[in-house]
Amino acid sequence: MNPSPAVFPARSRRGKFVTFEGIEGSGKSLQLRLLGEQLTRSRIPFIATREPGGTPFGREVRAILLAEKGPGRVPEAELLLYLADRIQDLKEVVEPALRDGIHVLCDRYQDATRAYQGAARGISPSLLQVLAQSLQLRRPDLTLVFDLPVEVGLERARRRNSEENSSQGRFEAECLAFHRRVRRAYRRFAAEEPDRFRLIPADAPPEKVHDRVWRVTRTLWEAVPARPAVRGRSRG
Ligand code: TYD
């Protein structure tokens, strides 16, 4: 028997879609994990996903995109791969969860495409907009941009790579000017759409940054009453 809406009111409410953005080494993935842990402790249902790579198909696309010694590609070809990953993630992971009243934390989304393929690689914003509209890409309820000087972020990323004994990623190998364009773009997006974005200073200890994240997201979770059962699970 289906439970009546009066018993499970949260089922009729959509979850919130929150995206995490920032330059390399901004700490966004760590902050996503810390927020997820806090949501689990607070019995607030959520899932975590990432782009590229939130689905099995997306993981194959990610391997092509981020292969350090992969074959050359033009920026437009790269753009279409990011979008292929994104639309798969939206339809397979994000939309079903939101429909179910489960919040979604997404590590990078369309603003990464606007910053990296648009501002840094030079693809026109109008092409990005036409594609986003045609695919009906969902607008996030909230986008957190973890902001810090490019030199600090790249140094962190370099340290992480040497600790993990992994080589530089494709994008980390880009010149300083490239990363500065990405950072400037994110800051501009935040200024242009203040109702959706929150710029979080990220050159601080992780716990301090997390406190800020919790403060700016708190009201969002309160807007959707949690389901009776804990549904927190994490991917990626
Ligand atoms: P990510 O997994 O966030 O790597 P990191 O945690 O090391 O920053 O992102 C992988 C790379 O993909 C990153 O350098 C940014 C790039 N990217 C784009 O260029 N466009 C996009 O649309 C997305 C989602 C990512």
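What follows is a short tour of the ligand site, the pockets and cavity, a salt bridge and some unusual backbone spots in a predicted model. Since the model is predicted, local features need pLDDT of at least 70 and side-chain atom pairs count only at pLDDT 80 or more, while totals for chains, interfaces and linings use all residues. Residues are numbered from 1 along each chain as its sequence is written, and side-chain values use heavy atoms, with hydrogens and water left out.

The ligand is a good place to start. It has 18 residues around it, and Glu24, Lys28, Arg108, Thr113 and Gln117 come nearest (a residue is near if one of its heavy atoms lies within 4 Å). By class, this shell holds 9 charged, 6 nonpolar and 3 polar residues; here Ala, Val, Leu, Ile, Met, Phe, Trp, Tyr, Cys and Pro count as nonpolar, Asp, Glu, Lys and Arg as charged, and the others, Gly among them, as polar. Three basic side chains reach ligand oxygen atoms: an N or O atom of Arg108 at 2.6 Å, one of Lys28 at 2.8 Å, and a polar atom of Arg86 at 3.1 Å. The cut-off for a polar contact is a pair of N or O atoms within 3.5 Å. Taken alone, the ligand exposes 540 Å², and the protein buries 92% of that (Shrake-Rupley areas, 1.4 Å probe). Two or more shell residues come from each of helix 1 (28–41), helix 2 (56–66), helix 3 (75–99) and helix 4 (110–120), with helix 4 giving the most, at 4 residues. These elements are DSSP runs numbered from the N terminus, helices being H or I of at least four residues and strands E of at least two.

Lys28 turns up again away from the ligand: its side chain meets that of Asp107 in a salt bridge, 2.9 Å from N to O. Asp107 sits in strand 3 (residues 103–107) and Lys28 in helix 1, so the pair ties together parts 79 residues apart in sequence. The count of salt bridges comes to 19, taking a side-chain nitrogen of Lys or Arg within 4 Å of a carboxyl oxygen of Asp or Glu.

Next come the empty spaces. On a 1 Å grid over the protein atoms alone, a cavity is a set of points where a 1.4 Å probe fits but cannot get out, and a pocket is an open set with protein on both sides within 12 Å along at least five of seven lines; lining residues have an atom within 4 Å of a point. The second largest pocket holds about 480 Å³. Its lining has 22 residues, and Gln110, Asp111, Arg114, Leu128 and Gln129 are the closest to its centre. Helix 4, helix 5 (125–134) and helix 7 (176–192) each supply at least two lining residues.

The whole structure has 1 cavity of 30 Å³ or more. Its lining consists of Gly22, Ile23, Val145, Phe146, Asp147, Leu148, Arg183 and Tyr186, with strand 4 (142–147) giving the most, 3 residues.

Finally, the backbone. Most residues other than glycine have a negative phi, and most peptide bonds are trans. Arg108, already met at the ligand, has a positive phi near 75° and lies in the loop between strand 3 and helix 4. Arg43 has a positive phi too, about 60°, in the loop between helix 1 and strand 2. The Glu51 to Pro52 peptide bond is cis, with omega near -5°, and Pro52 is in the loop between strand 2 (46–50) and helix 2.

Conventions:
A polar contact is a pair of N or O atoms within 3.5 Å; within protein, one must be able to donate a hydrogen and the other to accept it, and residues adjacent in sequence count only if both atoms are side-chain atoms. Grid points are joined across faces, edges and corners, and a volume is the space filled by probe spheres set on the points.
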